[in-house]
Amino acid sequence: MKDAKWIKAPYDFKLAGVTFQKQILLKNTVKKATLYASCMGVYDAFIDNKKVGDAVLAPGWTSYLKHVQYQKYDVTNMLKNGSVLSLSCGQGWAVGHIGNHSTNHISSIEICAVASLKVTYVDGKTEHFRTNNSWDTYTSDVLFSEIYDGETQDKTVPITNVGKAVEVKIKTKLIPQIGEWIVEHERLAPIKLFTTPKGERVIDFGQNMTGYVEFKLKAKRGEKIAITHAEVLDKDGNFYNENYRLAKNLMTYICSGNDDIFKPKHTFQGFRYIRLDEFPDIEINLDNIRAVVVHSDMERTGDFKCGNEKINQLYHNVIWGQKSNYLDVPTDCPQRDERLGWTGDTQVFCRTASINYNVYKFFRKWLTDLRADQREDGAVCGIIPIVRTGKAIGGTRLSAGWGDAVCICPWEVYLAYGDTTILKENFTAMKKWVEYIRKAGNEEYLWLSGLHYGDWLAMDAGENEYIGATSNDLIASVFYAYSTLLLVKAGKVLGKDVTEYEELYNNILKRFREYFIPNGELLEQYPYTEIITFKHKPVDIYRKGLTQTALVLILHFNMCEQKDRARFTEMLVKMIENNGMRMTTGFLGTPYILHALSENGRADIAYKLLLQEKIPSWLYSVNHGATTMWEHWDSLKEDGSFWSTDMNSFNHYAYGAVYDWLFGVSVGIKPREDMPGYKAVDIAPHPNKELGFADASIKTAYGKIRVKWYYKNDTVHYEISVPQAVTANLTLPSGYKTMLSGGEYVFAE
Ligand code: BGC
């Protein structure tokens, strides 16, 4: 790729697709041909109109100001003398609105492509065909394409040569692909076509998902298909897409008059339903319409089922939340005008993600972007890759629980796969983040002040508010401690001297206890030191100290003295009971609440929360037909109305982090820190009669680990498989402990 030139069209194609093309004249018979290609935008490579490879939306989404991946394809069998190599490009993330949040299309950034075709002839000589100003530029049948807004394809427009490409200088560094390929997966058949009370024709695919709809049809030349997407119907059964906010998700196709196959070339949508706004005057054949699921090509590693169908549906929703939001970057949601790599959502779901799928490459790539976008002073913003807004850092807050992804994700990936590379690569970034916090707070050992997202969307946030009632200073200081602890752990794995950070951790703990737990008591309220901005204002000028989330974080992250543990656990249990056995927690309390309870002997209450069906609960959404995780506990209210239009995604995986409790505590499989990657595991099941049985497995580098428990009357039976190279420390509820090595085991008690 070294000598290939970046090229662009002779004039700015703005929102339309553009194709760069070159005829390849060969000197001899080809032994091997390899194509390297990339784009500022997204591209598909073709040789003689045949698509190269099966990736879509290449080169994926990276921190484009710093680096962009290039892909490598073996094209030996495709290339002939005189073949035409073309790169068909659209705006994608780098050029489109999504990567440039304040303006739609920044004029200085145009679609650019780069490629190098390396040919080795049978005589051993090599020749390179590289992009430069000898390539031709063609128009495309894509007249408009934008990730949020959709695409217009017109099969009737002539494709014309508009002149030679222009060479451009791009500062962005080209790096080989680190992440997974983005590819098409399942093709879902429609479950029904129906007419809504408003008289609109709607197709239901039965599953909320990310990807696009493919149509095969033959209609009159010039006839039009126009479709819009939605995740849910409203209470009257009408098509509802107001929660997509500004993202239009409109696909428009103009038919050629011959057999056509339509699907987007440079965009994707998050949806379960489509509305046929316009359709040719022909019979609709559902066999020719498919919803194509698109996500990063990760290997599925985890599996789970239990005796409660609602929990099984919840697990299904967690998996589909991951499929829908692991499209090259871990995103908050796949449908509205966000689809961004929100760091908070990413860190809370990271452990669950690593159980469900092999996410090593996926995270290695995203963490490369995180490091590239980390500010000089160590600050990590709310969205990675950063989206250009013209404002300070990515236009987001430097928030506790979000920026901490820099410490939490490498550690979780290390635990799951045992590879120290991820720690080596990220250690300096982890340290810089801890140092950033050290200076950001009003005190060295606490993170007071700052602008945070807090316990985002918690139920104690107050009507129409986003940030929960828990003191942000308390939350920020807990995450300061946790990130410092992970830095210490990572440093020890890497054989570094981390004495300074061990001391820092101890000082944070000491100061936290003095400030937040004076005399062993949590204060009802703490003075509030944050900056307030419009719409994200707190419920009152004091932030609460005594909330479920505060107790959960203190217990789970070991912030209190041992002597206060039982009392705090009881306080948490009382608060849950007084709230009708329900949570008030949001994004930062919910992932840990079940852990905080079961770690302190109250798995009984954890199960009650897990099996709760009233708002707020995981099963409420299941009872209301969810096929993915909802952003808000009451995204859809009891009366069928919606929580809001502006923060109401039905495909937001954050609360899906509950699966790491089902796997790690209910079934009871946990990787050990001293032998990560599941080389050694702790197995400590917590059976529960209402769940009936639970059966989970994970495919590791050493083989499949599986634990099943089930009830026969009052006796619990256990079936455990441990691969040859793995050792497992088993603890059964009676307290019986034993060490298992490779083999199949059964127990009963
Ligand atoms: C996103 C969240 C994100 C949050 C920041 C929202 O708009 O959808 O999931 O973490 O902003 O608080």
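**Buried sites, a helix and the ligand surroundings**

In this predicted model, strand β23 spans residues 259–262 and contains Asp 260. The residue is a curious one to begin with, since Asp 260 is buried yet takes part in no salt bridge. The nearest side chain of opposite charge belongs to Lys 155, and it is 5.5 Å away. For a salt bridge, a side-chain nitrogen of Lys or Arg has to lie within 4 Å of a carboxyl oxygen of Asp or Glu, so the 5.5 Å separation does not qualify. Lys 155 nevertheless touches Asp 260, as do Phe 215, Lys 216, Leu 217 and Cys 255, leaving aside residues up to four places away in sequence.

Lys 155 itself does form a salt bridge, with Asp 141, and the closest N and O atoms of that pair are 3.6 Å apart. Lys 155 sits in the loop between β12 (150–154) and β13 (161–164), while Asp 141 sits in the loop between β10 (136–139) and β11 (142–146), so the pair ties together parts that are 14 residues apart in sequence. With a relative accessibility of 26%, Lys 155 counts as partly exposed, whereas Asp 141, at 12%, counts as buried. Across the whole structure, a search finds 51 salt bridges.

Attention now turns to helix α10, which covers residues 562–578. This helix has 17 residues and reaches 25 Å from its first C-alpha to its last, close to the 24 Å expected at 1.5 Å a residue. Its buried residues are Asp 564, Arg 565, Phe 568, Thr 569, Leu 572, Val 573 and Ile 576. Among the elements that cover them are α9 (548–556), α11 (590–598) and α12 (603–611). After the helix comes Gly 580, whose phi is positive, near 70°.

A further residue of α10, Glu 570, forms a salt bridge with Arg 602, with the closest N and O atoms 3.0 Å apart. This pair links distant parts of the chain: Glu 570 belongs to helix α10 and Arg 602 to the loop between α11 and α12, 32 residues apart. Glu 570 counts as partly exposed because its relative accessibility is 34%. Arg 602 also forms a salt bridge with Asp 604, where the closest N and O atoms are again 3.0 Å apart. Asp 604, at 38% relative accessibility, likewise counts as partly exposed.

The ligand is surrounded by Asp 332, Arg 336, Glu 338, Trp 342, Asp 345, Trp 402, Tyr 453, Trp 456, Phe 587, Glu 631, Met 647 and His 652. Several side chains there approach ligand oxygen atoms through an N or O atom. For Glu 338 the distance is 2.5 Å, for Asp 332 it is 2.7 Å, and for Trp 402 it is 3.0 Å. Asp 332 and Glu 338 also belong to a network of salt bridges that links Arg 245, Asp 332, Arg 336, Asp 337, Glu 338 and Glu 631.

Finally, Gly 668 lies in the loop between α14 (659–667) and β31 (669–671). With a relative accessible area of 2%, Gly 668 is buried. Its C-alpha is 4.5 Å from that of Ala 684, although the two residues are 16 apart in sequence. Besides Ala 684, Gly 668 touches Leu 662, Phe 663, Asp 682, Ile 683 and Pro 685, again not counting residues up to four places away in sequence.

Definitions and conventions:
Residues numbered from 1 in each chain as written. Predicted model: local features only at pLDDT ≥ 70, side-chain atom pairs only at ≥ 80, totals over all residues. Heavy atoms only, no water. Helix = DSSP H or I, 4+ residues; strand = E, 2+ residues; numbered from the N terminus. Buried < 20%, exposed > 50% of the residue type's maximum accessible area, 1.4 Å probe, protein only. Contact = heavy atoms within 4.5 Å. Expected span 1.5 Å × (residues − 1). Lys, Arg positive; Asp, Glu negative; His and termini not counted. Near = heavy atom within 4 Å. Polar contact = N/O pair within 3.5 Å; in protein donor to acceptor, adjacent residues only side chain to side chain.
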